Amino acid sequence: PWRTPLRVFRYEVMRFPKGAFAISLWTEGPGKLELKNVGLIRYDKQPVIFMKQYECRVLEWDVFNNYAGRSCRVPRRWIGTQKGARGEFQYEALRKTEPRAVLGEGFLYGFDYQGQWTGCPGETIQGQGYVEQLGRFSR
């Protein structure tokens with residue numbers, strides 16, 4: 001099978017209250033071609049809520065050296081949006097840990113977030129999460 005090489009890989013995991021969690025995945029191939037941008041939300045012992053689209057819009061950047069010692073931009077603050085048939089989850093996140101360089105141009109870091117899930121009107125959701133980021137993130 002044909003496999004497109006990844007230029008960028010971004011994976012977020014967020015803890016929700018009461019044993020729930022959300023996951024966002026965004027990948028990009030050569031020429032900034034979006035390959036996959038999806039999410040999901042799972043409440044304790046309930047079926048997964050699949051989100052057809054994930055978008056990450058970076059509001060602030062910092063520069064850190066990657067594993068190879070080259071400067072790379074790493075998001076400091078961003079807005080994430082997951083959209084699906086059962087609603088939209090939008091959150092603002094702020095990086096809380098120093099990025100740890102891994103695998104050339106990759107970084108791992110923790111963040112705090114606060115957002116709204118339209119599938120649960122009126123409820124503000126906040127907590128912590130972590131990011132695995134590989135490649136030169138440019139958004």
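Begin by selecting R77, which at 25% relative accessibility counts as partly exposed, and keep in mind throughout the tour that you are looking at a predicted model. Now add E60, and you will find that the side chains of these two residues meet in a salt bridge, with 2.7 Å from N to O. The pair links distant parts of the chain, since R77 is in strand β6 (residues 71-84) while E60 is in strand β5 (residues 53-65), 17 residues apart. Like its partner, E60 is partly exposed, here with a relative accessible area of 28%.

Next, select R76 and D62, whose side chains also meet in a salt bridge, this one at 2.4 Å from N to O. R76 lies in strand β6 and D62 in strand β5, so the pair ties together parts that are 14 residues apart in sequence. How exposed or buried are R76 and D62? R76 is partly exposed because its relative accessibility is 29%, whereas D62 is buried, with a relative accessible area of 18%.

Keep these four residues on screen and add E92 and R95, because E60, D62, R76, R77, E92 and R95 are linked in a network of salt bridges. In general, side chains of opposite charge can pair when their charged atoms come close. The structure as a whole holds seven salt bridges.

Stay with R95 for a moment, which lies in strand β7 (residues 87-95) and is buried, with a relative accessible area of 12%. A polar atom of the R95 side chain lies 2.7 Å from the backbone oxygen of P75. If you display the surroundings of R95, leaving aside residues up to four places away in sequence, you will find that R95 touches several others, among them F64, V74, W78, Y109 and F111.

From there, move to R10 and E12, which form a salt bridge whose closest N and O atoms are 2.9 Å apart. Are these two residues buried or exposed? E12 counts as buried, at 0% relative accessibility, and R10 is likewise buried, at 0%. While R10 is selected, show W78 as well, and you will see that the charged end of R10 sits over the ring of W78, 4.8 Å from its centre. For another example of a charge over a ring, select R73 and W61, where the charged end of R73 lies 3.8 Å from the centre of the W61 ring.

The aromatic rings come next, and the structure holds ten aromatic pairs. One of them is formed by F16 and Y113, a tilted pair with 6.3 Å from centre to centre and 35 degrees between the planes. This pair links distant parts of the chain, with F16 in the loop between β1 (8-15) and β2 and Y113 in strand β9 (residues 106-117), 97 residues apart. F16 is buried at a relative accessible area of 6%, and Y113 is buried at 4%. To see the wider group, select F16, Y43, W78, F89, Y91, Y109, F111 and Y113 together, which form one aromatic cluster.

Finish in the loops, beginning with K32, which lies between β2 (21-28) and β3 (34-42) and is exposed at 54% relative accessibility. Then select K45, placed in the loop between β3 and β4 (49-51) and exposed, with a relative accessible area of 75%. What is the phi of K32 and of K45? Phi is near 60 degrees in K32 and also near 60 degrees in K45, and each is a positive value in a residue other than glycine. Most residues other than glycine have a negative phi.

Notes:
Residues are numbered from 1 along each chain as its sequence is written. This is a predicted model: local features need pLDDT of at least 70, side-chain atom pairs count only at pLDDT 80 or more; totals for chains, interfaces and linings use all residues. Side-chain values use heavy atoms; hydrogens and water are left out. Helices (H or I, at least four residues) and strands (E, at least two) are DSSP runs, numbered from the N terminus. Buried means under 20% relative accessible area, exposed over 50%, partly exposed in between (1.4 Å probe, protein chains only). Rings of Phe, Tyr and Trp (its six-membered ring) pair if their centres lie within 6.5 Å; planes under 30 degrees apart count as stacked, over 60 as edge-to-face and the rest as tilted. A charge sits over a ring if NZ of Lys or CZ of Arg is within 6 Å of the ring centre and within 35 degrees of the ring normal. A polar contact is a pair of N or O atoms within 3.5 Å; within protein, one must be able to donate a hydrogen and the other to accept it, and residues adjacent in sequence count only if both atoms are side-chain atoms. Contact means heavy atoms within 4.5 Å.
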